[in-house]
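Colleague: Before I rely on the labels attached to this model, I should like to hear the grounds for each of them. Might we take them in turn?

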Amino acid sequence: MEIKFEHKPAAHCENGVIVNMLRHYGLDISEPMVFGLSYGLFFSHMPFLKLSGMAITTFRTFPGVLFSRITKMLGVKTGRRRYLSHKRAMAALDRHLTEGRPVGCVVGMYYLPYMPLEYRFHFNGHNICVIGKNEQDETYLISDPNALEKVSISKTDLIKVRYAKGGSYPIVGQSYWIKEVPQKMPDLAPLIRKSIKKNCWFMTSQPRWIKYFGVNGIKYLSESVLKWEKTMTPRRAALNLAQVVRMLEEIGTGGAGFRYMYGAFLQEAAKITGIEQLNSLANEITEIGDLWRDFAYKASRVFKKRQGENYTYQDLSDVLNVIYIRERNFFTQLNNAV
Amino acid sequence: MRVEDVPQDLKYTDGYIVRDIAYAVDSDGHYTSVVSDGWNVKAEALDLTMDEIREKCDEIKQRIEAGTASNLEYYAAKNIMDISLLSKYTGIPKWKIRRHFKQKFFSRLDSGTLAKYADALRITVDTLTSKPE
């Protein structure tokens with residue numbers, strides 16, 4: 001059986017699943033709107049959490065919270081569950097599908113067969129939406145926002161990715177679905193105001209001694225970059241840089257670590273709330289995004305030298321410092337604008 | 001970033017269904033989403049990471065030739081799995097896995113344990129026990 005489900009690719013997996021699922025139930029809302037409303041923009045550089053032995057840098061909030069935030073806001077009733085046993089997880093999934101309900105699943109990325117080998121790593125926070133099952137050959141049809149079309153995946157593969165081990169987040173078959181949607185969309189303007197306020201709080205409220213999170217984290221990263229050069233072998237320092245660039249651009253951020261996506265949200269928000277200033281602030285975050293890309297470009301020139309270009313770790317640190325100052329100003333202004 | 005500046009450097013997603021979506025500003029200053037084939041900067045970051053894994057594998061291969069390291073260590077490195085992750089997948093304690101990374105212990109393993117490892121690494125037992133290419 002297959003649920004009639006419109007698949008649209010999106011920049012980020014979790015937003016994409018939410019957007020596609022809400023649209024399936026008749027709530028049409030864009031990806032940047034989902035991202036902004038659930039105040040997803042963030043920054044942190046965490047040397048105490050490691051991925052392949054290197055510090056994790058993230059440009060958004062923790063995986064899994066967007067769905068609960070957005071559905072709560074819009075008044076959508078949802079269900080979510082984890083299953084210790086494979087069998088019960090798959091049986092529950094089949095039951096949902098026969099009742100015509102698409103189910104979002106949190107999966108590990110490494111064993112997804114349609115991912116390019118180079119893109120795979122042991123990251124257990126990828127989101128897909130299961131929308132159908134072929135009884136004959138036991139394959140499942142899924143809508144992965146990172147893929148351009150629907151893909152099918154065998155039952156063994158699906159079990160394997162739903163029970164991927166290790167990483168920062170054990171998933172044990174986590175799944176979520178929508179039970180009931182409100183008759184009409186709530187008024188978005190006050191919700192947008194509230195979300196922007198919350199996002200600003202997450203970015204700027206930290207006192208100076210909490211150095212890993214919010215805009216403080218950018219400052220911390222700019223200092224760390226210099227430390228890497230001094231204390232590590234050139235190879236190791238380059239690998240650390242490469243990891244930051246990968247986090248910034250690779251994992252479906254819509255470019256520049258979600259900064260562009262947030263710009264798109266602010267433009268939409270300006271239209272809905274009628275606050276003109278949000279448009280100019282959208283331009284500002286676009287410029288900050290360009291700076292992030294500039295950082296990525298220069299970083300790539302540091303770990304892969306080209307003739308005639310000679311960037312140093314000091315240059316990278318300077319760019320990050322500029323980003324830090326501009327983002328701090330940006331969020332202060334944004335907080336005052338709404 | 002402007003729509004016309006969205007990088008379209010096809011490399012690793014060639015032949016795959018997976019693509020990036022980038023948000024960019026069109027000529028009127030409005031944001032739209034654009035499908036992107038990839039960006040060289042990102043590909044270079046990936047290259048570096050892949051190189052690191054490849055070098056590690058080569059180094060292990062040499063130790064296999066010398067008779068110290070085992071195939072298990074090679075395939076674990078190839079799958080970017082460290083000992084703790086492998087331990088979680090197989091249920092075999094870490095200290096035992098550390099032993100099985102040595103050829104002396106690996107060559108004595110029974111078929112049950114080999115099957116566990118092969119399953120976790122998604123290869124056949126034959127591949128696991130024969131010399132890596």
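Modeller: Let us begin with the domains of chain A, bearing in mind that the model is predicted. The centres of domain 1 of chain A and domain 2 of chain A, taken over C-alpha atoms, are separated by 29 Å.

Colleague: How do you know where the domains of chain A begin and end?

Modeller: An automatic or database domain assignment supplies the bounds. For chain A it gives domain 1 (13-37 + 77-180) and domain 2 (188-337).

Colleague: What makes up the contact between domain 1 of chain A and domain 2 of chain A?

Modeller: Eight residues of domain 1 of chain A are in contact with ten residues of domain 2 of chain A. On the side of domain 1 of chain A that touches domain 2 of chain A, helix α2 (residues 31-37) of chain A gives the most, with five residues. That side divides into five nonpolar, three polar and no charged residues.

Colleague: Why is A:Lys271 called exposed?

Modeller: The label applies to a residue with 12 or fewer other C-beta atoms within 10 Å of its own. A:Lys271 has 11 C-beta neighbours inside 10 Å, and therefore counts as exposed. The residue lies in helix α9 (residues 259-273) of chain A. Its C-alpha atom is separated by 9.6 Å from that of A:Ala189, 82 residues apart along the chain.

Colleague: What makes β1 (residues 41-51) and β2 (residues 54-60) of chain A a pair?

Modeller: Pairing requires at least two bridges between the strands. Six bridges join β1(A) to β2(A), and the two run antiparallel. In one of these strands, β2(A), A:Thr57 is the bridge partner of A:His45. The hairpin of β1(A) and β2(A) has two residues between the strands, and in it A:Ser52 takes a positive phi near 40 degrees.

Colleague: Why is β2(A) described as mostly covered?

Modeller: A residue is buried if 20 or more other C-beta atoms lie within 10 Å of its own. Five of the seven residues of β2(A) are buried, and the strand is accordingly described as mostly covered.

Colleague: And which residues have the most contacts inside the largest nonpolar core?

Modeller: They are A:Ile18, A:Val130, A:Ile142, A:Val245 and A:Met261, in a core of 111 residues. Helix α10 (residues 277-303) of chain A contributes the largest share of this core, ten residues. Another core, of 17 residues, lies apart from it, with B:Ala69, B:Ala76, B:Tyr117 and B:Ala120 among its members.

Colleague: With which residues is A:Ile18 in contact, leaving aside its neighbours within four places in sequence?

Modeller: A:Ile18 is then in contact with A:Val34, A:Leu66, A:Phe67 and A:Ile70.

Colleague: Let us turn to chain B. How does its radius of gyration stand against that of a compact globule of 133 residues?

Modeller: Such a globule would have a radius of gyration near 14 Å, but chain B has 21 Å. The C-alpha trace of chain B spans about 70 × 30 × 25 Å along its principal axes. The domain assignment of chain B gives domain 1 (3-38) and domain 2 (52-129), and 40 Å separate the centres of these two domains. Buried residues make up 34% of chain B.

Colleague: Which elements does chain B hold, and in what order do they run?

Modeller: Chain B has seven helices and two strands. From the N terminus on, the order is β-β-α-α-α-α-α-α-α.

Colleague: How do you know that both faces of β1(B) are covered?

Modeller: On one side B:Asp20, B:Ala22 and B:Ala24 are buried, and on the other B:Ile21, B:Tyr23 and B:Val25 are buried. Six of the six residues of β1(B) are thus buried.

Colleague: What makes β1(B) and β2(B) a pair?

Modeller: The threshold is again at least two bridges. β1(B) and β2(B) pair over six, in the antiparallel sense. The bridge partner of B:Ile21 in β2(B) is B:Val35. Five residues stand between the strands of this hairpin, where B:Gly29 takes a positive phi near 85 degrees.

Colleague: Finally, how many residues does each chain bring to the contact between chain A and chain B?

Modeller: The contact takes 32 residues from chain B and 44 residues from chain A. On the side of chain B that touches chain A, α1(B) gives the most, with nine residues. The residues of that side divide into 20 nonpolar, five polar and seven charged.

Key
Residues numbered from 1 in each chain as written. Chains lettered and ligands numbered in written order. Predicted model: local features only at pLDDT ≥ 70, side-chain atom pairs only at ≥ 80, totals over all residues. Contact = placed C-beta atoms within 7 Å. Helix = DSSP H or I, 4+ residues; strand = E, 2+ residues; numbered from the N terminus. Nonpolar A, V, L, I, M, F, W, Y, C, P; charged D, E, K, R; others polar. Core = buried A, V, L, I, M, F, W, Y, C linked by C-beta atoms within 7 Å. Rg over C-alpha atoms; globule rule 2.2 N^0.38 Å.
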